Amino acid sequence: MSELDLVVIGGGVGGYVCAIRAAQLGLRVALVEKLRLGGVCLNWGCIPTKALLQSAHAYLLARRLTEFGVQVKGTLEVAWEFMVARKNTVVGTLVDGVQNLLTGHGVQVLLGTARLISPRSVGVTLADGSRIVLDTRHVVIATGSVPARPPIAGLDLPGVLTSDQLLALPGVAPQGDATPLRDLPRRLVIIGGGVIGIEFATLFSALGAQVTVLEMLPRILLPVEVELARRYRSLLKKQGIELVVEARVEEIAPAGKGLMVYYQADQQRQAVRADLVLNATGRVPFSEGLGLDELGVIRERERVQVDERMATNVAGLYAVGDVTGKSMLAHVASRQGEVAAEVIAGHDSRMDYRAVPYVVYSLPEIAGVGLTSQEAKEHGIQVEVGVFPFSANGRALTLGETEGQVRVLCEPGGGRVLGVHMMGPGVSDLIAEATLAVQHGITARQMATTIHAHPTLSEGVAEAARAAAWGEAIHFMKLRSRR
Ligand code: NAD
C-alpha cells in the first residue's frame, strides 16, 4: 500500500469527522476502528440516551393527554423492549450513515486495533486476526474515553453497570460482557450527580423506577449555572427522584436478590437498596496500548497533551476528542477533528474554547454557554443579569411546558453577551443563538433588537437579553440585578 497522508485511530465523533474533513481537503486517509463506527456518542452515549429520553418524553406526554383535550380509552404501558428496539434502529441508521459518508469520501475504513510502530507507521490487527502496517505522514489519535472506576468495593458485581454497558447493543460490548438491559429496574441507585447520572435518573424515573442519586459534592451538575442547578434540584424532588448530596459511595454488596449500596453522609455509614446500580462517576481518557510511551508522547495521567492545533509533542502525531481530556463533549471532539484535519492539510486552524455550549438532556433540558455567574463572582467581573421565565412565553404555554427560564449575562450597559444559561423546553436548540452571540461578541442590545419569530421559545432569549440590557423585558417585569 502506498504511503497515506493520514491514519486516524478511532472512529468516534472526533475521529470520523477528522477523516471526512481531511478527505474533503484532498488527503489520502485511512481510519481504524476496533468496535463500531460512531464510537461512544453514536452507540452508547449521546444518541441512544436521547432516543430513550424521547420515548420517556412521549410516555410522560401521553399521561397528560387529557390536558390537551385528547381522551384515551384503555391503559398506557411502558414497553421497554420496543423503546430499546427503536433506540437500536436510530443508532443503526446513524452508524450506517457514517460508514457511507466515510466510504463516499474515499476514506479507507479498517475494522481492527491499531498500535503505533513509529510516528509514520501504524500496525493494525484486523478483526480476522491478520496484521497489516500502514505507512503514513500523519496520525490522529481519537481513541476516546472509558467510564471511571473509582475505588468502590463491589463495582464488578452483576447488576452494577456503567452507562456504556447499560446501553450495550446486542452482540457488541464496549467493556466486559455487557448484555443489553432486558428489564426496567424497579429500584435504581445512581452513583454520581453529573450529566450522565442526571440524564439516566430522568429517564428511569419517568419510566416508573424508584431512583436515588448519590452525589459526593454538595451540588449536582457542576458545570451548570448555579441558580439553574438549584432550581433543577427541586424539580428532581417533584419528579420523585431522591437526591443525596455529600454522599460518598464506598461499597456495593449483594443483598438477597438485589444489591445494597453503602455510602458516607452526615458522618454516618448509610445504605440504600437497589436492583440495579449505575456507576456514573465520570470518564477517563483511553490511551492505553497504543505505544505512546515508546514514542515519547507526553501524557498527563491518561490525557494526551496537545496544543491549540491538536498537535502532540511528537512531529506528525495529533490527538482529538476525549483522549485529550480537554472537554469530554462530542461537539468539542468534532471541532477538534476538523482543526486537526485542516492543520495537517496545511491550513492555519486553531481550537477556540471560548464558546463551548453544554446541554443536559434532563426534563426539562438545561443548556448554557460562556461565563457563569459563579465564574463572574470568582474573577470579579461585573455583569448585568437579565432573566426571563418560560411561564411568560406564549409558545411555552401552548406547548404546556412552562418550567424554566433564560438567564443572559452581559457587560454593564447592554454590552457583549458573556454567558447565557437556560432551563426549559427546547433549550438544547436555543443555545445555538447564544453560542453565536458569545463567540462573535454580539451585544445584549443587538440580541434584544434582533427580530425573533413569534410565537417561539426563542423570544425568551431575546427577552432575557432585553432585561440584561435595559432592565426590563416587554412581557415580564423587574428581573434585573447588578452582580
Ligand atoms: P461527571 O464528572 O460530570 O460527574 C460525575 C459525578 O460523580 C461528579 O459529580 C462526582 O462528584 C461524582 N462522584 C464521583 N465519585 C463518587 C462517589 N464515590 N460517590 C458519589 N459520587 C461520586 O461525569 P459523568 O456524568 O459520568 O459524565 C462523564 C463525561 O461525559 C462528562 O465529561 C460529561 O460532560 C460527558 N457527558 C456529556 C453529556 C452531554 O453533553 N449531554 C452527557 C453524558 C456525558
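Helices (H or I, at least four residues) and strands (E, at least two) are DSSP runs, numbered from the N terminus. The structure discussed here is a predicted model.

**Backbone exceptions**

Glu246 sits in the loop that joins strand S10 (242-244) to strand S11 (248-255). Its phi is near 50°, a positive value in a residue other than glycine. Most residues other than glycine have a negative phi, and most peptide bonds are trans.

Two cis peptide bonds precede prolines in loops. The bond from Leu363 to Pro364 is cis, with omega near 0°, and Pro364 belongs to the loop between strand S19 (358-360) and strand S20 (365-370). The bond from His454 to Pro455 is also cis, with omega near -5°. Pro455 is found in the loop between helix H12 (444-449) and helix H13 (459-470).

**Ligand surroundings**

There are 22 residues around the ligand, and those that come nearest are Ile196, Glu215, Val249, Gly282 and Val359. The table gives polar contacts of the ligand with backbone atoms.

| Ligand atom | Protein partner | Distance |
|---|---|---|
| nitrogen | Val359, polar backbone atom | 2.8 Å |
| nitrogen | Met216, polar backbone atom | 3.1 Å |
| oxygen | Ala280, polar backbone atom | 3.4 Å |

Val359 thus appears both among the nearest residues and as a backbone partner of a ligand nitrogen atom, at 2.8 Å.

**Packing of H3 against H6 and H4**

Helix H3 (residues 46-63) and helix H6 (residues 195-206) have axes that come within 9 Å and cross at roughly 40°. Because of this angle, H3 is oblique to H6. The crossing of H3 past H6 is left-handed. On the H3 side, the contact is made by Thr49, Lys50, Leu52, Leu53, Ala56, Tyr59, Leu60 and Arg63, and on the H6 side by Glu199, Phe200, Thr202, Leu203 and Ala206. Sorted by class, these residues are eight nonpolar, two polar and three charged.

H3 also packs with helix H4 (residues 80-104), at an angle of about 140° and with the axes 9 Å apart. This angle makes H3 oblique to H4 as well. The crossing of H3 and H4 is right-handed. From H3, Ile47, Pro48, Ala51, Leu52, Gln54 and Ser55 take part; they meet Trp80, Met83, Val84, Arg86, Lys87, Val90, Val91 and Leu94 of H4. The contact of H3 with H4 holds 10 nonpolar, two polar and two charged residues. Leu52 of H3 is listed in the contact with H6 and in the contact with H4.

**Packing of H1 against H8**

Helix H1 (residues 13-24) packs with helix H8 (residues 330-344) at an angle of about 30°, and their axes are 7 Å apart. H1 passes H8 in a right-handed crossing. H1 contributes Val13, Gly14, Val17, Cys18, Arg21 and Ala22 to the contact, while H8 contributes Ala330, Ala333, Ser334, Gly337, Glu338, Ala340, Ala341 and Glu342. By class, the contact of H1 with H8 comprises eight nonpolar, three polar and three charged residues.

Definitions and conventions: Residues numbered from 1 in each chain as written. Predicted model: local features only at pLDDT ≥ 70, side-chain atom pairs only at ≥ 80, totals over all residues. Heavy atoms only, no water. Axes fitted to C-alpha atoms, helices over the stretch in contact; angles between N-to-C directions. Parallel < 35°, antiparallel > 145°, perpendicular 65-115°, else oblique. Left-handed = near helix turned anticlockwise from the far one by under 90°. Contact = heavy atoms within 4.5 Å. Nonpolar A, V, L, I, M, F, W, Y, C, P; charged D, E, K, R; others polar. Near = heavy atom within 4 Å. Polar contact = N/O pair within 3.5 Å; in protein donor to acceptor, adjacent residues only side chain to side chain.
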